[in-house]
Amino acid sequence: MTRLAMIFDLKKCAGCYACVVSCKMENGTRPGVNWNHVHTVEWAEFPSARQTFIPTQCMHCDNPPCVKVCPTGASTKMENGIVAVDYDKCIGCRYCLSACPYEARIMNERETTNFKDKLMPYEEELYKNHRLNVAEKCTFCIHRVTNGKLPACVVNCPGKARIFGDLDAPDSAVKKYIEKHQAINIKGTSIYYVPPAGLDLSKLPPDLQEPAFVSFWKEVVHPAGKAVMGIAAVAVASSIVIHSIRKGE
């Protein structure tokens, strides 16, 4: 079994945003659509004041709330741990955006470009992989990982602050790094952090907590919706039959 995970070593992160830029270039997201983020946290007091950069992205949760509320099955949890979105099935309902406690998803809503009213050649090539009005997010560069490559953000991090791999591999580098540096797992997710000594851990993303409405949606709204759709289907079928009978008369 494969369990992919990523570590952010905050002792090495310089806040250079190479991860953000490489993600955009690799995945061809439009201006204003970012799958990677870097947050600046200032802590301690003068003369010992410190600044730490905390990267965030989709946490690829073990039991993702976004998957539970997706009415079409567009959001799925793959066997290797990646949470994926099938753009062909996404209807842009935004349920997953509301369900994500990490605000890691974004809607691709506008045909924005870097230059007014004109697409550059590289934009024409990259943007064709994206559709409007669908939910997008970090995919752990699934197109690279499935071909034996590392995610673009990992490869292009100059400080080697990102470590990625399979937790279940026999000689797992990511597992060894976790043990050696006492990386902290954000419980319920595939993400780990190595914080600098003294950092208030509340500055890190919280452990996964499913929003209250998710259970309500799954247990009440979704079944009711299916029932309504079933009734509607029967009504449509009945209408067709009745119309055919009347036409025959």
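This report walks through the fold, cores, helices and salt bridges of a predicted model.

## Ground rules and confidence

Since the model is predicted, local features need pLDDT of at least 70 and side-chain atom pairs count only at pLDDT 80 or more, while totals for chains, interfaces and linings use all residues. Residues are numbered from 1 along each chain as its sequence is written, and side-chain values use heavy atoms, with hydrogens and water left out.

On pLDDT (the predictor's confidence in each residue, from 0 to 100), the chain has a mean of 87, and 87% of its residues reach 70 or more. The stretch to be wary of is residues 231-247: pLDDT stays under 50 there, and the model shows zero contacts for it beyond four places in sequence. Contact here means heavy atoms within 4.5 Å.

## The chain overall

The chain has eight helices and ten strands. Those are DSSP runs, with helices being H or I over at least four residues and strands being E over at least two, numbered from the N terminus. Of the chain's 249 residues, 42% count as buried; buried is under 20% relative accessible area, exposed is over 50%, and partly exposed is in between (1.4 Å probe, protein chains only).

Take the contacts between residues at least 6 apart in sequence, and 63% of them join residues at least 24 apart. The accessible surface adds up to about 14300 Å², with 55% of that belonging to carbon and sulfur atoms. The areas come from the Shrake-Rupley method with a 1.4 Å probe, and for residues only the protein chains shown count as cover.

## Two nonpolar cores

In soluble globular proteins, nonpolar side chains tend to be buried together. A nonpolar core is a set of buried Ala, Val, Leu, Ile, Met, Phe, Trp, Tyr and Cys residues joined through side-chain atoms within 4.5 Å. The largest one has 46 residues, and M6, F140 and Y193 touch the most other members. Elements giving it two or more residues are β1, α1 (18-27), β2 (37-43), β3 (50-56), β5 (83-85), α6 (152-155) and β10.

If you click on F140, leave out residues up to four places away in sequence and you'll find it touching L4, M6, Q57, H60, I82, V145, P151, F164 and I191. There is also a second, separate core of ten residues, with I163, I178, A183 and Y192 among them.

## Helices α1 and α7

In α1, the buried residues are C19, V20, S22, C23 and N27. They pack against β2, α5, α6 and β8. Right after α1 comes G28, with a positive phi near 65 degrees.

Helix α7 (residues 173-181) buries V174, Y177 and I178. These sit on the same side of α7 because they cover an arc of only 100 degrees around the axis, the arc being that of the directions from the helix axis to the C-beta atoms. An α-helix has 3.6 residues a turn, so residues three or four places apart point the same way. Cover for the buried residues of α7 includes β1 (4-9), β8 (162-166) and β10 (191-194). On the face turned away from that buried side are the exposed residues A173, E179 and K180. Just after α7, Q182 takes a positive phi of about 50 degrees.

## Salt bridges

Counting a side-chain nitrogen of Lys or Arg within 4 Å of a carboxyl oxygen of Asp or Glu as a salt bridge, the model has five. One of them joins D168 to R3, the closest N and O atoms being 3.1 Å apart. D168 is in the loop between β8 and α7 and R3 is in the segment before β1, so this pair links distant parts of the chain, 165 residues apart. D168 is partly exposed at 33% relative accessibility, and R3 is partly exposed at 40%.

E26 and R144 form another, at 3.7 Å from N to O. It ties together parts that are 118 residues apart in sequence, because E26 lies in α1 and R144 in α5 (residues 142-145). E26 is partly exposed at 28%, whereas R144 is buried at 16%. K176 and D171 also meet in a salt bridge, at 2.4 Å from N to O; K176 is partly exposed at 47% and D171 is exposed at 56%.
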